[in-house]
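User: I am new to this structure and would like a close look at a single part of it, with the surroundings explained step by step. Please take your time and define the terms as you go.
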Amino acid sequence: MKLDSPIFTDVDAAREHLEAQRWPNGPLCPHCGNCDPVRIRKMEGKAHRPGLYNCMECRKQFSVTVGTVFERSKIPLNKWLLATFLMASSKKGMSAHQLHRMLGVTYKTAWFMAHRIREAMAEDGPDAGPMGGEGKTVEADEMYHGKRETPREYARPRARKNWKPTKSGKAGGAHKRVIVGLVERGGKTRMFHLNNATKDSVRDILVRNVSRDTTLYTDESRLYKETGKEFAAHRTVKHSAKEYARREGDVVVHSNTIENVFSVFKRGMIGVYQHCGEAHLHRYLAEYGFRYNRRSALKITDSERHDDLLSRIGGKRLTYRRIGETSYA
């Protein structure tokens, strides 16, 4: 799809394209769920704005953006579709400053648009089912990236005072944000932000997201030693001995796939976004996970990835946090 496509330059073409993705079987009332074409009427009078429908079941009016991340936005719909296409097709991300320049909107507007789009990228519904299964392999690993903003939970009160650097003189992961990643070989990935990586917190992620019939591949970290016994098999590679892959018969034991997922995330966060508040980290993880799960290696084109994103924008409103509120609505 080219950037001069009508859906990126014309509001009406953009609305018709969005309707085709959200309503492949015809209009659906977001207020009462009515989808009977006889009971839904398109408002075509001169006094009505384009794309307005009236539901004769609940007697409410709606458009294709009601109940979506685009709802109540004054930004033209063609600019929204251009933003979703740019973010869906850029492997390492698209900064808010770049969106601000390309779309002709303010930086503040571009930043908020990007977060709304990331909210739509979050996996849910059928995508949230268990990974792996009988005969399948899931790799798990943890990553430490970016300086943490929330205090770490220490097992011993004096651990923080007695902190020492590693043998190499580096700070290690004690003052960095913790990210745990899962990837099914030949399949999808999921990444999670934790305040602290413990056996219990990592186990909770594994048992909630991976089928027990799965073969689990990890490094030699003690975080996985006990939990690995709950799965069909658990094989490890010893990174401390510079072992990164090992052949056992017809299979190769390694965790390089999840390392590759992490590498793309790090390159994007360092080279494109440069800074990410810890409160928003889960949305950036969802963004990179969405693109990886629909990567070109799976024969998915940029246009198909974009259309898939548009079909997922419903029921994910994200509004500015107002004074006195403690979370996003």
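Which residue takes a positive phi just after H7, and about what is its value?

Analyst: Just after H7, the residue with a positive phi is Gln274, at about 65°. This is a predicted model, in which local features need pLDDT of at least 70 and side-chain atom pairs count only at pLDDT 80 or more, while totals for chains, interfaces and linings use all residues. Residues are numbered from 1 along each chain as its sequence is written, and side-chain values use heavy atoms, with hydrogens and water left out.

The helix itself comes next. H7 covers residues 256-273 and has 18 residues; helices (H or I, at least four residues) and strands (E, at least two) are DSSP runs numbered from the N terminus. From the first C-alpha of H7 to its last the distance is 24 Å, close to the 26 Å expected at 1.5 Å a residue, where the expected span is 1.5 Å times one less than the number of residues.

The buried residues of H7 are Thr257, Ile258, Val261, Phe262, Phe265, Gly268, Met269 and Tyr273; buried means under 20% relative accessible area, exposed over 50%, and partly exposed in between, with a 1.4 Å probe and protein chains only. These residues lie on the same side of H7, because they cover an arc of only 145° around the axis, the arc being that of the directions from the helix axis to the C-beta atoms.

What does this buried side meet? The buried residues of H7 pack against helices H3, H5 (107-121) and H8 (281-292), and also against strands S4 (137-147), S5 (176-184) and S6 (189-194); contact here means heavy atoms within 4.5 Å.

One of the H7 residues, Phe265, is listed with Phe62, Phe70, Leu81, Met87, Leu99 and Ile179 as having the most contacts inside the largest nonpolar core, which has 55 residues. Such a core is a set of buried Ala, Val, Leu, Ile, Met, Phe, Trp, Tyr and Cys residues joined through side-chain atoms within 4.5 Å. In soluble globular proteins, nonpolar side chains tend to be buried together. Helix H3 (residues 77-89) gives the most to this core, with nine residues. Met87, not counting residues up to four places away in sequence, touches Tyr273 as well as Met94, Leu99, Ala114, Ile117, Arg118, Met121, Glu287 and Arg291. A second, separate core of 16 residues includes Val180, Val202, Leu216 and Tyr224.

Among the strands that H7 packs against, S4 is mostly covered, since eight of its eleven residues are buried. S4 pairs with S5 in the antiparallel sense over nine bridges, and with strand S7 (residues 215-219) in the parallel sense over three bridges; two strands pair if DSSP finds at least two bridges between them. Glu139 has a bridge partner in S5, namely Val183, and stands opposite Tyr217 in S7.

A last residue can be placed beside this picture. His306, in helix H9 (residues 302-310), is buried with a relative accessible area of 0%. Leaving aside neighbours within four places in sequence, His306 is in contact with Met1, Ile7, Phe8, Leu81, Thr84, Phe85 and Ala88, and one of these, Leu81, is also listed among the residues with the most contacts inside the largest core.
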